[in-house]
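Hi,

Here is the structure I promised to pass on. Have a look at it first, and then read my notes below with the model open next to you.

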Amino acid sequence: MARIVVLGAALGGLQTALLLAADGHQVTVLERDPDPAPPDPEEAWSRWQRPGIPQLRLTHLPLASWLQLSEAQLPSLVERMTAAGAVRMNVLAPEPGMRGGLLPADVRFDTLAARRCLLEHVATRAAEAAGVRIERGVVCRGLRAGSDDGPRAKGRVPHVTGVETGTGPLAADLVVDCTGRRSPLPAWLRDIGVPGPVEEAGRRGFTYYCRYFRSADGALPASTFPLIAEHGSLGLLRIPADHGTYSLGLISRSHDHELRRLLRHEGAWCAAVRLFPGADAWLDGRPLTDGVQIMAGLTDRKRTLYDDEHPRVTGVVAVGDAWALTVPTIGRGLAMSMRHSLMLRDVLRRTGTADRVELVTAFGRATRDGLGGVYRRSTSYTRHRLAEMDAHAAGRRYRHPDWDRARALALLTQREPDALRAERAAAHLLPGAAAELSAPALVEAVDGLMPELERRMPPGPTRAHLLEAAAAG
Ligand SMILES: Cc1cc2nc3c(=O)[nH]c(=O)nc-3n(C[C@H](O)[C@H](O)[C@H](O)COP(=O)(O)OP(=O)(O)OC[C@H]3O[C@@H](n4cnc5c(N)ncnc54)[C@H](O)[C@@H]3O)c2cc1C
């Protein structure tokens, strides 16, 4: 069994550590934030200092596929989360198109609703209980490297033999980078002579403006509207969480300076939320956050460290956000990261760490085949949605055949439960979704809506109305 160093003790690093420790590997997790987990999740919300996870107190909901994988592979983690107050909820239930009630098979659309702090707190406790060593306040500063002429590598491929930390070196058979969206891996690689990974990144992204609330009686407001609603240059997330809490998050383009100037003020933020039909009642809760929590520059970014034949480096892999970021609006980060951790566990089961080249190339192939398409579809969403927001700000309707089809499907989901099931199955990365989406009856129904799309699209507020309402708020 291998000595494995995991960098980063947030959900991605912790679930990777749990999976690898369960296979008998000797796992050490290094975490730069020194603050240990407080005694209970509520204190985690009020006082856990985790600057390394800037999105900790922003809107989060794992996809249904995250729950499916977690229940199958780390059932005790899910049990602990539920015992701590995470709420099992079905993502179809609040959708306006969900007529006729849920079917028994719709359990596949269940997920766990909770503040990210609670998920983080429970995962930390679970890893500690499983005997994973977590060293807090230890910053990884770089990689230690030897070199290796792997059997299929061209030339000399640097081999990572451990990490340099603020408290000294640490040897490892494998280093797993789970340092998330701000992973310094490209700089660490350059320092040991490895040309930077091939990186693709969106030039533009989104900004989140979030607030958390707690309802007075612990129950969520009766008024339901979709978990995500998109109108022109603004989107709204309405995400239930644990212990009667929930969050509302407005989403704009990062470079939308007019909205940015307005939405950081609570009055303008509330006025913008009220523009979404049904959202009013959700503003009655007691605010749990000071002011509006803002995070900008949310875009897609992917790094490739290896291809089939020529790894750039061995002994190190990047998992979860450290490998690929997707925009949070579609909520894929935790599900992708869980899939990626499982891929690493399974590749390690097959290859071990002795054949260094085989390990990284097999993991590279599994990543490309298992998650490459998910990443591509996320970038397509980002591109079209930003173009739609641009068009709205310019007073136009955005038209593109692919986006029109997506909008036609969205319209259909409002009256056809099976269309809703197919669309949500794809959004939640559930098995079989591609077949459901390409079912002839569904394709025909979407085609039938295309000519009427312009007329049927809900009008929503104009840009001028939006700016006016927010400015008056
Ligand atoms: C605003 C926002 C909303 C989101 N909403 C959703 C959602 O609804 N659903 C969803 O599934 N996903 C969502 N995501 C994505 C999700 O937050 C990420 O996918 C997830 O945090 C990735 O987890 P991670 O453990 O890989 O990295 P992170 O959570 O980024 O954690 C990285 C860890 O590494 C540590 N670290 C960093 N550098 C070092 C170092 N040098 N040495 C040691 N430790 C280090 C950090 O302190 C931190 O603990 C959202 C993201 C954002 C930004």
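**Around the ligand**

A nitrogen atom of the ligand sits 3.1 Å from a polar backbone atom of Arg32. Before I go on, keep in mind that this is a predicted model.

Two more contacts of this kind are worth finding on your screen. One involves the side chain of His60, which has a polar atom 2.8 Å from an oxygen atom of the ligand. The other goes to the backbone of Gly331, where a polar atom is 3.1 Å from a ligand oxygen. How much of the ligand's accessible area does the protein cover? On its own the ligand has 1000 Å² of accessible area, and the protein covers 96% of that.

The shell around the ligand has 35 residues, and the ones that come nearest are Gly12, Glu31, Arg50, His60 and Leu61. Sorted by class, the shell contains 16 nonpolar, eleven polar and eight charged residues. Four elements each supply at least two residues of the shell: helix H1 (11–22), strand S2 (26–31), strand S16 (293–298) and helix H9 (333–351). Which of them gives the most? That is H1, with three residues.

**Salt bridges**

Side chains of opposite charge can pair when their charged atoms come close. In this model the count comes to 38 salt bridges. I picked three pairs for you to look up.

Start with Arg115 and Glu42, whose closest N and O atoms are 3.0 Å apart. This pair links distant parts of the chain, 73 residues apart: Arg115 is in the loop between strand S4 (110–113) and helix H5 (116–129), while Glu42 is in helix H2 (residues 41–47). Are the two partners buried or exposed? Arg115 is buried, because its relative accessible area is 2% and the cut-off for buried is under 20%. Glu42 has 29% relative accessibility, so Glu42 counts as partly exposed.

Next come Arg88 and Asp110, which meet in a salt bridge of 2.9 Å from N to O. Arg88 lies in strand S3 (residues 87–90) and Asp110 in strand S4, so the pair ties together parts that are 22 residues apart in sequence. Here Arg88 is the partly exposed partner, with a relative accessible area of 40%. Asp110 counts as buried, at 12% relative accessibility.

The third pair is Glu230 and Arg385, with 3.5 Å between the closest N and O atoms. Again, distant parts of the chain are linked: Glu230 belongs to strand S12 (residues 228–231) and Arg385 to helix H10 (residues 356–393), and they are 155 residues apart. Glu230 is partly exposed at 23% relative accessibility, whereas Arg385 is buried at 1%. There is also a network of salt bridges with shared partners, which joins Arg204, Arg253, Asp256, Glu258, Asp390 and Arg463.

**Strands**

Now scroll to strand S13 (residues 234–240). How many of its residues are buried? Seven of its seven residues are, so you can call S13 mostly covered. In a regular strand the side chains alternate between the two faces of the sheet. In S13 both faces are covered: Leu234, Leu236, Arg238 and Pro240 are buried on one side, and Gly235, Leu237 and Ile239 are buried on the other.

S13 pairs with S12 in the antiparallel sense over four bridges, and Ala229 stands opposite Leu236. These two strands form a hairpin with two residues between them, and Gly232 in the turn has a positive phi of about 50°. S13 is also joined to strand S14 (residues 245–253), by six bridges and again antiparallel. Across that pairing, Arg238 has Leu248 as its bridge partner. The hairpin of S13 and S14 has four residues between the strands, and His243 takes a positive phi near 50° there.

One more sheet to find: three strands in the order S10-S17-S19 make an open sheet with antiparallel pairing. Its edge strands are S10 (198–201) and S19 (324–325), each of which pairs on one side only. Two bridges join strand S17 (residues 301–304) to S19, and Lys302 has Ala324 as its bridge partner in S19.

Shout if you get lost in there!

Cheers

Methods
Residues are numbered from 1 along each chain as its sequence is written. This is a predicted model: local features need pLDDT of at least 70, side-chain atom pairs count only at pLDDT 80 or more; totals for chains, interfaces and linings use all residues. Side-chain values use heavy atoms; hydrogens and water are left out. A residue is near a molecule or strand if one of its heavy atoms lies within 4 Å of it. A polar contact is a pair of N or O atoms within 3.5 Å; within protein, one must be able to donate a hydrogen and the other to accept it, and residues adjacent in sequence count only if both atoms are side-chain atoms. Accessible areas come from the Shrake-Rupley method with a 1.4 Å probe; for residues, only the protein chains shown count as cover. Ala, Val, Leu, Ile, Met, Phe, Trp, Tyr, Cys and Pro count as nonpolar, Asp, Glu, Lys and Arg as charged, and the others, Gly among them, as polar. A salt bridge is a side-chain nitrogen of Lys or Arg within 4 Å of a carboxyl oxygen of Asp or Glu. Buried means under 20% relative accessible area, exposed over 50%, partly exposed in between (1.4 Å probe, protein chains only). Two strands pair if DSSP finds at least two bridges between them.
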